[in-house]
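Thanks for having me this morning. I would like to take you through a few local details of the backbone and the cysteines, so please have a look at the sequence and the structure as I bring them up.

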Amino acid sequence: MARRPKVGILTFSDGRAYAHEPQIQENKAYEERLRRKLVEAGVDVVTGELVWSNETAVAEARKLQVAGVEATIFNYAVWAFPQFSVVASRFAPGPYLLFGQVNPAKPGMVAVLAAAGALDQMGVRYRRVFGEIEEAPVFQQVLSFVRGAHAVASLRGETYGLFGGRAIGINTAVAPTDLWAEQFGIDVEHVDQWEIVRRATELAGNARVERAQRWLEGHVKQVHYDGQQLTPEKLRLQIASYDVLREIIAEKSFHFVGIKSQPELTEHFVTMDVAEAFLNDPYDWDGPHDPIVCATEADMDAALTMEVFKHATGSPVLFADVRHYFKEHGLFDLVNSGAHATYFAGRSLDPETNLRNVELKPQDFFFPAGGASVFHVAQPGPVTLARLTRERRQYRMHVVRGEFVRLDPDVEARLITQVQDNWPHAFVRLACSADTFLQSFPANHIHGVYGDWVPELLTFCWHLGIEPVVVA
């Protein structure tokens, strides 16, 4: 199961006993309001005693360290000695958010500003939020900070499984492993694609694979067997490849993966479309599972972007090419034969809801080995799209808001036929002009989730010193 965000709260008080003690219950009440809102949003929260001396600053901060929190909120509702915040920052896990509660009868805002100045002098990085925690815009700022910190912490210690190497000359699909280790705490382990071929060939005829084939045939809208590019035997090879990948991922404790595919597998074995789709999905023929981010063409920075999205949102993540712009409709068509999860076909965690909109179609001339392409059209809704790339070894993240849309069925079918009628599509209207996007977006692959997650991505970038580029 995916880990929940885990944050610590340190609430600061006056360093004079005669001023601290009468305010204990008031201070704890403000802390409880903050704690309760975070818990209701699915965040694990660790609190301690009020901090009102250097000794309590050290002791309570160390408790958070032992508890393994991913970030610490410094909470202020009354006047608090600024030195306590400085001392706590030596032990409490960062990053830090300074939260100023609304309490006009007490100088809590003064405490925040004084602590901020003291932390500035120490070179400690932090963010500030002021307001009533029950107000949606205020809480969203706090929650975005927590989720961004969770994404950063979740990456540390992960292992990326790289099956193959650079595919069809895509330079932006290859990232330096030393930079990943240094900046994100991620290790990269290579596995030859032959391991997929070797194991899947042995597995393709067993009863488990045949059961999965029957499940797919019974749940998708249609399987378009053509006797050449898509046959029952080739579909079983694709299913077996998925099972093999799940085995290798478990054996090697991979957290997310990428598969080269082209040209070796796509010319001489079968495509990985079925495997890539159901790795990224929250289910398969055995039931629910946490999505395992998988990038086709072994695109490392695609997989990294998707893994950030997954940790920040908890949702399945789109992988697609920026394929075409329909000027007359003001829509980009995001298309890719590989890692486009069937989740987007119905925007549901229920496979039956999604798969009734999915067709398995024969691959075309791009992939002579054949196999099924997982065809569907993404359901409508607001989306956040993004991509991590590098300029002279410095990471940046391009982010753009948009909306997936559906069109009149006849119009939609005509547009799909113009582009590619056997691959999945997502029609998106971006929040920026087409020219602005095409002049600035730095890769052919793009990734995203439903909803507005721009604040979380910006917070993630702030945590790691990554330049955010909001395309608008």
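Before we begin, a word on the element names I will use: helices, of at least four residues, and strands, of at least two, are DSSP runs that are numbered from the N terminus. Please also keep in mind that this is a predicted model.

With that in hand, look at the loop between β17 (381-391) and β18 (394-404), where you will find Arg393. Although Arg393 is not a glycine, its phi is positive, at about 70°, and with a relative accessible area of 43% this residue is partly exposed.

Ser261 is not a glycine either, and it has a positive phi of about 70°. Is Ser261 buried or exposed? Its relative accessible area is 4%, and because buried means under 20%, Ser261 counts as buried. Ser261 sits in the loop between β9 and α11, and Pro263 is found in the loop between β9 (256-259) and α11 (264-268). The peptide bond leading from Gln262 to Pro263 is cis, with omega near 0°.

Another cis peptide bond runs from Gly94 to Pro95, with omega near 5°, and Pro95 is placed in the loop between α4 (82-89) and β4 (96-100).

Finally, the cysteines: how many disulfides does the structure hold? The number is 0. Cys432 is in no disulfide, and the nearest cysteine sulfur, which belongs to Cys461, is 17 Å away, whereas a disulfide would need the two sulfur atoms within 2.5 Å. Cys432 is buried, with a relative accessible area of 11%, and Cys294, at 0% relative accessibility, counts as buried.

Key
Residues are numbered from 1 along each chain as its sequence is written. This is a predicted model: local features need pLDDT of at least 70, side-chain atom pairs count only at pLDDT 80 or more; totals for chains, interfaces and linings use all residues. Side-chain values use heavy atoms; hydrogens and water are left out. Buried means under 20% relative accessible area, exposed over 50%, partly exposed in between (1.4 Å probe, protein chains only).
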